[in-house]
Amino acid sequence: MMLTAKVKECGKVKTRKTWELFRATDFESLMYPCVCTCWLLGYFPYKYQPPVYSLSKQRFAISTSIMFIFVFLLFFVIYEINIGTRINYSIPELIHGNMYAFLDGLVIVVMYLLTDARLSVIQNLSRTSCILSTKDFKDLSKLIHTKDILGSLFLAIHIPNCFKHNIFVTVRNLTNIYIMMANFSMDIFYINCVCILKDCFKKMEESIRQLKKFRINDHMSTQTFMHHEQISPLVVMKLKNLEEKHLEISDGVELLNHTFMIRITIAAITTFIVITFDIYFYIIYSYSEFPVNSKFWYKPYVMPAAFYFIKFWMMIWACETATNRAREMKTTLWDVFSATNDPFVKREVEIFSLQIMHTTNIFTAKTFDMNSSFLAKIVGGIIMYILILIQFLLNYVVCTLHM
């Protein structure tokens, strides 16, 4: 498939198509479930007017109103946790509640302030994803739509469990589940963007491999000088086009890293905190009478720990596979053009190779890279803290028995 033709098609205004589940045909239909979730939460103040996304004044006003209500409820919950006397919290619960509210709560406000930056990401990906075919979108939608819908439904079924006899507990639960759903919508949006960029790198690699037939023709054209004169400029032109698309995709990676740097950092910290504290609470309450469930989770401690781990694992998986796909391009480029004798083609290949080397295309949050090594460090840290807690509990039990 010709990338040049795909880019020209993207410049045309497309008619609005009916959205179908698992049958995406473009960027809009691929992101539709994620966009709906964000819109319902007041977190998508944009509108789509083919072929571009733009800021909607009406939706932005609704989003701002929801954000003011959320900030008021968030500080009300923080006040009641630390100063109020409606519910008595243990010291670990107090620490856990404050860290959850200040980290996962305030990052929602931070991402709201990055409304323009998020719009730039959407516009960039909408343009960049034009190199993907309808089949590519359809295959990608099977993963993205399944993940987005199942994750949203999993959180939505907990909404009825938010309502308790205590009005403060009800308000706290509704605020907490909004925090959970808003952060989840940001995370699935980030994962979707990474998956789209990964498929763009894959399409680039396929386009490089398709140039192999031109290289073979170039090698066979020694007997026909005129044929060689026709093949060489065509290959050089295609390589230049691929270089431009590679730069556009690389700009998308850099823009995504910059926009979601704070969110990814907070996601890593809260994953560690939530899993560690929830396992701690589960171990503690296993040795005592289990308290009445005042949280919105049907299975406290176990379900949130599993949810956070699976969500962060999916982020790591998407980032690492996309990074590996970007790195494979240089190897593919040299495999295809290793035997070329044309000086113009050889020079263009060297330029393209240098460009790939200078654009790292690593999904990162500046302080750490999103890969399996980082996930292993988090899991190792969690295991270490769990062992420390178990040792502390054993010492406590032994001291109690000797008294």
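What share of the 403 residues of the protein chain counts as buried? The figure is 50%, and it comes from a predicted model, so keep that in mind as you read on.## The chain as a whole

The protein chain has 14 helices and 2 strands. Contacts across long stretches of sequence are a big theme here: among contacts with a separation of 6 or more, 83% are between residues 24 or more positions apart. The accessible surface of the chain comes to about 20,600 Å², and carbon and sulfur atoms make up 66% of that area.

## Helix α7

Let's look at one helix in some detail. Helix α7 runs over residues 134-156, which makes 23 residues. From first C-alpha to last, α7 reaches 31 Å, close to the 33 Å expected at 1.5 Å a residue. Even so, α7 is not straight throughout: there is a bend of about 35 degrees at Ser141.

Ser141 is also one of the buried residues of α7. Others on that list include Asp136, Phe137, Leu140, Ile144, His145 and Lys147, and further along the helix come Asp148, Gly151, Ser152 and Leu155. An α-helix has 3.6 residues a turn, so residues three or four places apart point the same way. What do the buried residues of α7 pack against? Their partners are α2 (27-30), α3 (32-40), α8 (167-210) and α12.

## Salt bridges

Side chains of opposite charge can pair when their charged atoms come close. The structure holds 12 salt bridges, and three of them are set out here.

| Pair | N to O distance |
|---|---|
| Arg263 and Asp104 | 3.5 Å |
| Asp187 and Arg263 | 2.8 Å |
| Lys203 and Glu206 | 3.5 Å |

Start with the bridge between Arg263 and Asp104. Arg263 sits in helix α11 (residues 261-286) and Asp104 in helix α5 (residues 91-113), so this pair ties together parts that are 159 residues apart in sequence. Are the two partners buried or exposed? Arg263 is buried, with a relative accessible area of 1%, and Asp104 is buried too, with a value of 1%.

Arg263 has a second partner, Asp187, in a salt bridge of 2.8 Å. This pair also links distant parts of the chain, with Asp187 in helix α8 and Arg263 in helix α11, 76 residues apart. Asp187 and Arg263 are both buried.

The bridge between Lys203 and Glu206 is a local affair. Why are these two separated by about one helical turn? Because Lys203 and Glu206 are 3 residues apart in helix α8. Their surroundings differ: Lys203 is buried, with a relative accessible area of 8%, whereas Glu206 counts as partly exposed at 31%. Elsewhere, salt bridges that share partners join Asp104, Asp187, Arg263 and Lys311 into one network.

## Val302 and helix α12

Helix α12, one of the elements that the buried residues of α7 pack against, covers residues 302-337, and Val302 lies in it. Is Val302 buried or partly exposed? With a relative accessible area of 40%, Val302 is partly exposed, because the value falls between the 20% and 50% cut-offs. Val302 and Tyr282 are 20 residues apart along the chain, and their C-alpha atoms are separated by 7.5 Å.

Methods
Residues numbered from 1 in each chain as written. Predicted model: local features only at pLDDT ≥ 70, side-chain atom pairs only at ≥ 80, totals over all residues. Heavy atoms only, no water. Helix = DSSP H or I, 4+ residues; strand = E, 2+ residues; numbered from the N terminus. Buried < 20%, exposed > 50% of the residue type's maximum accessible area, 1.4 Å probe, protein only. Expected span 1.5 Å × (residues − 1). Bend = angle between axes of the 7 residues up to and from the residue. Contact = heavy atoms within 4.5 Å. Areas by Shrake-Rupley, 256 points an atom, 1.4 Å probe, with all protein chains shown as cover. Salt bridge = Lys/Arg side-chain N within 4 Å of Asp/Glu carboxyl O.
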